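This report concerns internal spaces, aromatic contacts and helix geometry. The sequence and the structure are shown first.

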Amino acid sequence: MDSPIEKRLRALHRELERCKSCPKVQGPVVHGPPLATKILLVGQAPGPHEGSIGRPFAWTAGKTMFRWFETALGISEAAFRAQIYMTAVARCFPGKAAGGGDRKPNAQEIAACGRFLAQEVEILRPELVIPVGTLAIDQVLGRKAPLVETIGHVFTVDWQGNAADAIPLPHPSGASPWHKLEPGKTLLSQALALIAQHPAVVKAFC
């Protein structure tokens with residue numbers, strides 16, 4: 001039988017699937033209720049494949065990210081998906097950028113999805129937020145900062161009215177070499193170590 005949290009999340013997902021706030025290129029992508037709900041991973045937006053698959057981080061960037069977690073935390077992709085709630089700043093693939101690559105969600109799209117994100121935070125009350133990529137990091141921290149100042153650090157945030165720790169990660173996109181070169185490689189390792197040691201992660205995977 002669903003818990004009250006799962007019932008509220010399922011109702012929110014149904015509302016999200018009916019959303020017509022902006023034209024959908026593909027989506028929305030919704031991650032179902034997890035077994036543990038004190039950890040929230042926040043991405044930028046689905047890529048061109050996630051909409052049809054129906055899961056976040058289901059393509060190349062996801063393979064890289066889950067390899068990070070398996071290597072540093074000993075957590076398989078299946079275990080991660082079962083235990084950690086995955087969401088995004090925008091829920092539908094925003095399309096391709098004029099110069100190539102995936103387009104970042106614009107202010108209107110971010111605002112349209114913001115109410116769903118706020119409700120997820122209100123329902124889940126996460127103790128740990130893991131923003132992935134600069135757009136998600138900016139949203140969670142409430143300010144813009146270079147990756148060298150955010151990756152490898154723990155921030156205490158009051159995000160969407162919920163007090164939580166935030167441990168940012170760089171985007172695992174193959175188009176970005178940041179996490180493959182120094183100081184990105186070292187800072188990424190530091191960030192993953194901080195995540196592995198966080199009480200919410202220890203509790204979820206003990």
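The text below takes up the pocket and cavity, then the aromatic pairs, and then a helix and a loop residue.

The model is predicted: local features require pLDDT of at least 70, side-chain atom pairs count only at pLDDT 80 or more, and totals for chains, interfaces and linings use all residues. Residues are numbered from 1 along each chain as its sequence is written, and side-chain values use heavy atoms, with hydrogens and water left out.

**Pocket and cavities**

The largest pocket has a volume of about 800 Å³. A pocket here is an open set of points on a 1 Å grid over the protein atoms alone, with protein on both sides within 12 Å along at least five of seven lines, whereas a cavity is a set of points where a 1.4 Å probe fits but cannot get out; lining residues have an atom within 4 Å of a point. Grid points are joined across faces, edges and corners, and a volume is the space filled by probe spheres set on the points. The largest pocket is lined by 41 residues, and Gln44, Ala45, Asp102, His171 and Ser173 are the closest to its centre. At least two lining residues come from each of helix H3 (60-73), strand E2 (85-88) and helix H6 (134-141); E2 gives the most, with 4 residues. Helices (H or I, at least four residues) and strands (E, at least two) are DSSP runs, numbered from the N terminus.

The structure also holds 2 cavities of 30 Å³ or more. The second largest cavity encloses about 60 Å³, and among its 10 lining residues Cys22, Ala90, Cys92, Pro94 and Glu109 lie nearest the centre. The table gives the two linings by class, where Ala, Val, Leu, Ile, Met, Phe, Trp, Tyr, Cys and Pro count as nonpolar, Asp, Glu, Lys and Arg as charged, and the others, Gly among them, as polar.

| Lining | Residues by class |
|---|---|
| Largest pocket | 19 nonpolar, 15 polar, 7 charged residues |
| Second largest cavity | 8 nonpolar, no polar, 2 charged residues |

**Aromatic pairs**

Rings of Phe, Tyr and Trp (its six-membered ring) pair if their centres lie within 6.5 Å; planes under 30 degrees apart count as stacked, over 60 as edge-to-face and the rest as tilted. This rule yields 2 aromatic pairs. Phe66 and Phe80 form an edge-to-face pair, because their ring centres are 5.5 Å apart and their planes stand at 75°. With Phe66 in helix H3 and Phe80 in helix H4 (residues 77-83), the pair ties together parts that are 14 residues apart in sequence. The rings of Phe69 and Phe80 have centres 4.5 Å apart and planes at 20°, so this pair is stacked. Phe69 of helix H3 and Phe80 of helix H4 are 11 residues apart, and their pair links distant parts of the chain. Ring pairs thus join Phe66, Phe69 and Phe80 into a cluster.

Both Phe66 and Phe80 are buried, buried being under 20% relative accessible area, exposed over 50% and partly exposed in between (1.4 Å probe, protein chains only). The relative accessible area of Phe69, also buried, is 0%, and that of Phe80 is 1%.

**Helix H1 and Pro170**

Helix H1 (residues 4-17) has 14 residues and should span 20 Å at 1.5 Å a residue, which agrees with end C-alpha atoms 20 Å apart. The expected span is 1.5 Å times one less than the number of residues. Glu6, Leu9, Leu12, His13 and Leu16 are the buried residues of H1. Seen down the axis, the buried residues of H1 fall within an arc of 125°, so they line one face of the helix; the arc is that of the directions from the helix axis to the C-beta atoms.

Pro170 lies in the loop between strand E5 (162-166) and helix H8 (184-197). Pro170 is buried, at 2% relative accessible area.
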